Amino acid sequence: MATAPKNFWRGQLPTAETIVYTVPTNGQAIITDIVATNMDDTSALIAVSINDTPLLANIGIHPNGIFTIRISQVLEPNDTIKIQDNSATAYAHISGVEVA
């Protein structure tokens, strides 16, 4: 099996739950890192789910703070990563590996 590093998603967190990545139908993926930063002067909340199962449920990020987690979460074909934020200005990077 071939593996390739992958940026699953990078950008400002949406205030509505949004699918940001779908695993290809002929492969798998592994989430290895999630990094989020809050550029606002109010607290941010980040929620990440795989399909409809919460992985991170409204994790708080202090004003001008950062959240990082190193994990090994396997995703199967057609699985999705969904993210959501409250109204604070926060950004996230979700990376890992695709397996074909």
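So, a salt bridge here is a side-chain nitrogen of Lys or Arg within 4 Å of a carboxyl oxygen of Asp or Glu. Keep that in mind while we look at this one, which is a predicted model.

How many salt bridges do we get by that rule? The count comes to two. Let me start with K82 and D52, where the closest N and O atoms are 2.4 Å apart. K82 sits in strand β7, residues 80-85, while D52 is in the loop between β4 and β5, so this pair ties together parts that are 30 residues apart in sequence. Now, which partner is buried and which is exposed? K82 comes out at 13% relative accessibility, so the lysine counts as buried. D52, at 63%, counts as exposed.

The other bridge joins the side chains of D33 and R70, at 3.0 Å from N to O. Again we're linking distant parts of the chain: D33 belongs to strand β3, residues 28-38, and R70 to strand β6, residues 66-75, with their positions 37 residues apart in the numbering. In this pair the acid is the buried one, D33 having a relative accessible area of 17%. R70 is exposed, at 70%.

Okay, on to the rings. You describe a pair of aromatic rings by the distance of the centres and the angle of the planes. Our structure holds one such pair, made by F8 and Y21. Centre to centre that's 4.4 Å, with 50 degrees between the planes, and the pair is classed as tilted. And what does the pair tie together? F8 lies in strand β1, residues 3-12, and Y21 in strand β2, residues 18-22, so the rings connect parts that are 13 residues apart in sequence. F8 has 4% relative accessibility, under the 20% cut-off, so the residue counts as buried. Y21 is buried as well, at 7%.

Last stop, the nonpolar core. The largest one has 24 residues, and the members touching the most others are I31, I81 and I83. Which elements give two or more residues to this core? That would be β1, β2, β3, β4, β5, β6, β7 and β8, the last of these spanning 90-99.

If you want one residue to click on, try I83. Leaving out residues up to four places away in sequence, I83 touches W9, L13, P14, A16, E17, T18, V20, A47, V48 and I94. So go ahead and pull that one up on the structure above.

Conventions
Residues are numbered from 1 along each chain as its sequence is written. This is a predicted model: local features need pLDDT of at least 70, side-chain atom pairs count only at pLDDT 80 or more; totals for chains, interfaces and linings use all residues. Side-chain values use heavy atoms; hydrogens and water are left out. Rings of Phe, Tyr and Trp (its six-membered ring) pair if their centres lie within 6.5 Å; planes under 30 degrees apart count as stacked, over 60 as edge-to-face and the rest as tilted. Helices (H or I, at least four residues) and strands (E, at least two) are DSSP runs, numbered from the N terminus. Buried means under 20% relative accessible area, exposed over 50%, partly exposed in between (1.4 Å probe, protein chains only). A nonpolar core is a set of buried Ala, Val, Leu, Ile, Met, Phe, Trp, Tyr and Cys residues joined through side-chain atoms within 4.5 Å. Contact means heavy atoms within 4.5 Å.
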